Amino acid sequence: MFLPYVADMPMRDQREMMERPFFSLAKSKRIKPIDYTSPDGKLWVHVSASPEYGMATIWDADILIYCASVLADMARRGVNDVPRKLNLMPYDLLRAIGRPTTGRAYELLGQALDRLVATTIKTNIRAENRREATFSWLDGWTQLVDEKTERSRGMTIELSNWFWEGVMMKGGVLSIDRAYFDITGGRERWLYKVARKHAGGAGEEGFAISMPTLFEKSGAEGEYRRFKFEILKLAEKDALPGYGLSVETAKGGEPMLRMRRIDGKDGAEPALPVQGRGATTAQQSVPVAASATPGSSGAKRVSPGKHQMKPAAKTATVDVTSLIRKTVKGLSDNATRGFMADETIAHLRETCPGWDLHALHAEFEKWVNADAARLPANWQKAFIGFVKRHHEKHGHTLRG
C-alpha cells in the first residue's frame, strides 16, 4: 500500500538533526568530512561522504523531513507498528517539499536518495553506553517504473534505525513552517533550523548565540571570517520565515546573533502547532537562555532587525540552576513532560555525572505513572530532583 499525500499534514523535522551539523550546506559536491564536538566535549558527530556521490546536502534532508512528518502523522492517528520502510509516491513527496514534478525533478530526487544512502554518520548521540553509532540516513530505496511511459509508479524508502528511533522518541520532532522549503540558500536553511530549535519557544527575548559557536555548529567549509560576514548579511536582510534576526556585541567583541519567533513573518505560518503529548507530537522547543555563550555579559545593541518586537535584554551570565528555573517557569506540564530538555541534561551531567540519564528518565516516568498524585507541575524540575536523590543514595556504587 502506498501512503497518500496529505495536503494539510503538518511538516516536522527531527529534533537532533536541527541541533548538530549533519549535512553539507553547499550545492556543490562536498567530499571533505564534517567533524564536530559540542562545546562541553561530550557529544561528537563525524560525517563522511562517498567520493562517487558526495555528502548529503541540506536540500536532500527535505526527504527526511517528509518521512518524519509521515511517521509523526501515523503515530498521531494511532497506527500500530509504525514502519521503518515507507511506500511513497515520488509525485506526492515532491509536492510536499515544494519541488517541481518534471522529469528533471525525478532525476534529482534519485540523486538525493543516493547521497542519503551513501553518506555515513558516526556519533555518540543516543549511542548506548556512550559507544558510537554508525549509520546512513537511508538503508536503501527502490522504485517501480512503468515500462511504457518510464514514469515512476512509486518507491520504497527504508529509513535507518537511528533516524526512525529519533523521530519516534518523545520530543523527537518539531513542527516547521512550510515556507522553509522556499528558502533557497543552504546557510539560510540551516539558520532556520537553528532558530526553530532554540528560539521557537524561547519567548519574546528569543535566543542569542555567539558567532564562533554558530560557526562550529554549522559544519560549514571555509574560513570563519567569511562565515561571519555572510551571517551578518543575513541578519541585515532579516528575511527568515517566522524569525527575526538581530546582532549584538558580546563582552569579548565578537558579534552574537539573536533570533526571535515572529509568527507570520516572511511567509511563515500564523502560529506553529501547539505541542501535545505523545511520542512524535513534540513541536514546541523548550525555551533556552537568552545567551548560550559564557562570558556574554555586557552585550550591546549593534544592528536591530526590522521585525523586532522589543529591545533585547542585556545578556548576562547565570548559573545553570537559575537558567533551568527561568526557562521552564510558566510552562504547562504538557510543554516539558516526556523528554529531557537540553539544559536539564547539561545540569545533571555536571552535578550527577556517571549515570545513564535516559535509563533514569524511563524509571522516573514509570514512577510518576504508578500514582496519579505524583504528576509534577514542573516535569524538568521534578526529574532533576529524582536524579539527585538517586545520586545521593547510590552514588557510592560509581566509585572504583
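## A buried glycine in a loop

Gly242 is buried, with a relative accessible area of 0%. In this predicted model, Gly242 is placed in the loop between helix α8 (224–237) and strand β11 (243–249). Leaving aside residues up to four places away in sequence, Gly242 touches Arg260, Arg261, Ile262, Lys265 and Ala268. Gly242 and Gly200 are separated by 42 residues in sequence, and their C-alpha atoms lie 9.0 Å apart.

## The chain as a whole

The chain has 400 residues, of which 52% are buried. Its secondary structure comprises 13 helices and 13 strands. Among contacts with a separation of 6 or more, 68% are between residues 24 or more positions apart. The exposed surface of the chain is about 18900 Å², and carbon and sulfur atoms supply 52% of that area.

## Arg261, Asp177 and Arg196

Arg261, one of the residues touched by Gly242, also takes part in a salt bridge. Its side chain meets that of Asp177 at 2.8 Å, N to O. Arg261 belongs to strand β12 (residues 255–261) and Asp177 to the loop between β9 (173–175) and α6, so the pair ties together parts that are 84 residues apart in sequence. Both Arg261 and Asp177 are buried.

Which side chain of opposite charge is nearest to Arg196? That side chain is Asp177, at 6.3 Å, and Arg196 is buried yet has no salt bridge. A salt bridge requires a nitrogen–oxygen distance within 4 Å. Arg196 lies in helix α6 (residues 186–199), and its side chain reaches the backbone oxygen of Ser175 at 2.6 Å.

## Salt bridges

Side chains of opposite charge can pair when their charged atoms come close. A search of the whole structure finds 24 salt bridges. One of them joins Asp73 and Arg77, with the closest N and O atoms 3.0 Å apart. The two partners are placed as follows: Asp73 is buried, with a relative accessible area of 5%, whereas Arg77 is partly exposed, with a relative accessible area of 49%.

A further salt bridge links Lys233 with Glu236, where the closest N and O atoms are 3.6 Å apart. These residues are 3 positions apart in helix α8, which means that about one helical turn separates them. Lys233 is partly exposed, with a relative accessible area of 44%, while Glu236 is exposed, at 60%. Elsewhere, Glu19, Arg20, Lys197 and Lys217 are joined into one network by salt bridges that share partners.

## Helix α4 and Ser50

Helix α4 (residues 103–118) contains 16 residues. From its first C-alpha to its last it reaches 23 Å, close to the 22 Å expected at 1.5 Å a residue. Buried residues in α4 are Ala105, Tyr106, Leu109, Gly110, Ala112, Leu113, Arg115 and Leu116.

Where is Ser50 placed? Ser50 is in the loop between β3 (44–48) and α2 (61–76). Ser50 is buried, with a relative accessible area of 14%. With residues up to four places away in sequence set aside, Ser50 touches Ile31 and Ala118.

Note on methods:
Residues numbered from 1 in each chain as written. Predicted model: local features only at pLDDT ≥ 70, side-chain atom pairs only at ≥ 80, totals over all residues. Heavy atoms only, no water. Helix = DSSP H or I, 4+ residues; strand = E, 2+ residues; numbered from the N terminus. Buried < 20%, exposed > 50% of the residue type's maximum accessible area, 1.4 Å probe, protein only. Contact = heavy atoms within 4.5 Å. Areas by Shrake-Rupley, 256 points an atom, 1.4 Å probe, with all protein chains shown as cover. Lys, Arg positive; Asp, Glu negative; His and termini not counted. Polar contact = N/O pair within 3.5 Å; in protein donor to acceptor, adjacent residues only side chain to side chain. Expected span 1.5 Å × (residues − 1).
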